[in-house]
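Me: Please take a close look at the interior of this model, beginning with an enclosed helix and going on to the cavities. I would like one connected account, with the cut-offs behind each term.

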Amino acid sequence: MENTRDALSVEAQIAQLFVLSARHDTLAEVDDLSTHAPGGIHRFPAHDLDAAWAATRHALDRALDGTGVPLILSGDIEGGTISSPFTTAIPNQMGIAACDDLALSADLARIVAHESRALGYNWSFTPVVDINHAFRSAIVGTRSYGSDPQRIIDHARAYVHALQADGIAACAKHWPGDGIDDRDQHMTTTVNDLSMAEWEESFGRIFGTLIDDGVMTVMSAHIALPAYVRSRWPDAGRTAFQPASVSRLLNEELLRGQLGFQGLIVSDATVMGGLTSWMDRAEAVPAVIENGCDVFLFSRDPGEDMALMLRGLREGRLSERRLHEAVTRTLTLKAKLGLHRMTNDERLAPVERVREILRRPDHLAIAADAAGRSITLVKDRQQLLPLDPTKHKRIAVIADEGSSFFSGAPERSFDPLRGALEARGFAVRAFDPAAMPTPDDTDLVLYLIGQETTPALGHIFLDFAKLHGSPRNAMIQFNREIPTLLLSFGQPYYLYDAPHVATYINAYASLPDVQTALAERLLGDAPFAGVSPVDAFCGKEQLTW
């Protein structure tokens with residue numbers, strides 16, 4: 001690796017530190033990114049397979065036309081809405097955990113690995129190993145395997161093994177552990193305020209186990225761990241709240257020194273508020289690498305950031321030692337994945353062959369099974385279920401269409417569920433804020449709500465003003481006059497804002513397979529089997545009644 005590294009110019013070595021993001025499947029975007037000769041390109045979900053394939057192949061070809069160092073292709077392959085429509089859609093991590101079946105979890109991971117590799121991916125920024133502790137945290141939520149460290153360890157181990165066995169590097173994130181703070185590091189630096197004893201029994205055990213298992217990469221996030229910093233520097237002051245992405249203590253002393261991690265550390269996205277609000281860009285760019293990260297993730301202006309990295313090197317804020325270590329680890333990861341031995345034809349098969357690998361019948365069957373088994377009946381105090389068209393024929397649907405940060409995420413539609421209910425004889429109508437439901441015209445109020453985890457949402461809550469059409473209507477609740485059913489297709493904690501709703505179900509994602517399976521369970525054609533990975537009652541007895 002050293003010979004390959006030393007054959008590169010300083011500018012080329014710096015470029016190897018960067019993984020840039022591609023949000024559009026255009027050759028022009030690829031050309032623009034390839035001009036900077038980055039070490040990698042991160043691809044977000046896309047809608048069109050042919051366009052995605054062409055952009056991927058063009059990126060691979062352009063990389064070999066430059067330095068000759070192979071390009072690594074990464075993605076956030078997390079399931080749920082973070083999926084391309086031409087791949088097998090699997091539940092998100094919380095939905096997978098709710099199936100409570102490690103063999104199924106491993107099968108789903110193998111599907112992800114097989115299809116992702118066919119699409120040209122070499123590196124997935126998964127699994128998320130955060131602990132779902134602060135129930136108001138909108139950024140951990142459905143991306144997490146839940147609140148129990150052992151369950152997180154068990155599912156994450158199965159996932160890492162399956163991915164890496166199929167030639168894709170896994171990435172444990174978000175170091176040093178998210179989910180204790182209910183804020184979002186996309187917006188500000190967040191704080192893991194556990195004591196070191198508590199951290200070692202939870203996050204320390206999770207990361208330590210995966211490191212011992214050989215996870216190839218770890219993502220260092222914009223999250224502080226003040227207990228560790230103060231254990232080394234009691235008078236740390238503001239530095240106690242320094243994000244891990246620029247913390248030598250957390251990356252080099254705790255992660256590498258104490259936990260023994262020898263793989264590659266990638267920063268979390270450097271455009272996020274958790275870093276940009278902490279220090280200015282000229283400081284932050286070299287600081288990310290100098291303080292222990294080996295890869296600098298994302299940039300709004302790659303040319304400017306690479307210039308800042310070079311300036312930091314020349315001014316002594318980035319040492320030659322750390323530059324060489326980071327580049328060597330980047331090249332080592334590529335070598336371990338065998339990228340230097342593979343032709344581009346081997347890395348990305350012809351699109352016709354790729355299409356045959358995606359959405360195979362056996363893949364779809366496993367994913368559909370998981371979708372059904374994940375659905376969790378949290379409570380049914382009114383014994384509403386199963387629904388019966390002779391008793392609940394007239395249904396008023398109050399729906400939140402939701403949104404996603406990810407540019408390629410599919411638009412959410414509740415048509416599969418509505419269609420299944422109508423096919424069984426229910427009369428389903430959309431809620432009209434000008435004609436509120438009454439017992440005279442409505443047999444069931446059905447809330448279809450729930451946002452899967454997506455950045456920059458702030459906090460999890462039911463926005464009744466939005467759902468009911470106005471702030472005044474928000475005060476009107478129907479559950480004491482009309483049977484009411486609350487269905488979440490995302491976060492599992494909405495009972496907090498509707499504690500008196502007597503029947504509540506967590507489905508975790510709005511995938512079509514989930515909706516089809518949910519209809520079967522609402523009508524009594526299949527049992528509810530999901531086991532909640534979290535306390536859906538938020539630790540409050542009131543919500544159980």
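Reply: Helices (H or I, at least four residues) and strands (E, at least two) are DSSP runs numbered from the N terminus. The model is predicted, so local features need pLDDT of at least 70 and side-chain atom pairs count only at pLDDT 80 or more, while totals for chains, interfaces and linings use all residues. Residues are numbered from 1 along each chain as its sequence is written, and side-chain values use heavy atoms, with hydrogens and water left out.

Helix α9, which spans residues 203-213, is largely enclosed by the rest of the structure, because 8 of its 11 residues are buried (under 20% relative accessible area with a 1.4 Å probe, protein chains only). The buried set opens with Phe 203 and Gly 204, continues through the run Ile 206, Phe 207, Gly 208, Thr 209 and Leu 210, and ends with Ile 211. Their packing partners include three helices, α7 (149-165), α8 (196-201) and α11 (248-258), together with the strands β5 (171-175) and β7 (217-220), where contact means heavy atoms within 4.5 Å. Just after α9, the backbone at Gly 214 adopts a positive phi of about 95 degrees.

Turning to empty space, the model holds 5 cavities of 30 Å³ or more; a cavity is a set of points on a 1 Å grid over the protein atoms alone where a 1.4 Å probe fits but cannot get out, and its lining residues have an atom within 4 Å of a point. The points are joined across faces, edges and corners, and the volume is the space filled by probe spheres set on them.

The largest cavity encloses about 230 Å³, and of the 21 residues that line it, Ile 77, Ile 82, Ser 83, Thr 87 and Ser 116 lie nearest its centre. Helix α6 (residues 102-118) is the main contributor to this lining, with 4 residues. By class, the lining of the largest cavity comprises 10 nonpolar, 7 polar and 4 charged residues, where Ala, Val, Leu, Ile, Met, Phe, Trp, Tyr, Cys and Pro count as nonpolar, Asp, Glu, Lys and Arg as charged, and the others, Gly among them, as polar.

The second largest cavity has a volume of about 90 Å³, and its lining consists of 14 residues, with Arg 43, Ala 52, Phe 86, Leu 119 and Tyr 121 closest to the centre. Here helix α4 (residues 49-65) supplies the largest share, 4 residues, and the lining of this second largest cavity divides into 11 nonpolar, 2 polar and 1 charged.

Note on methods:
1 Å grid on protein atoms, 1.4 Å probe; cavity = no way out; pocket = protein on both sides within 12 Å on 5 of 7 lines; lining within 4 Å. Buried < 20%, exposed > 50% of the residue type's maximum accessible area, 1.4 Å probe, protein only.
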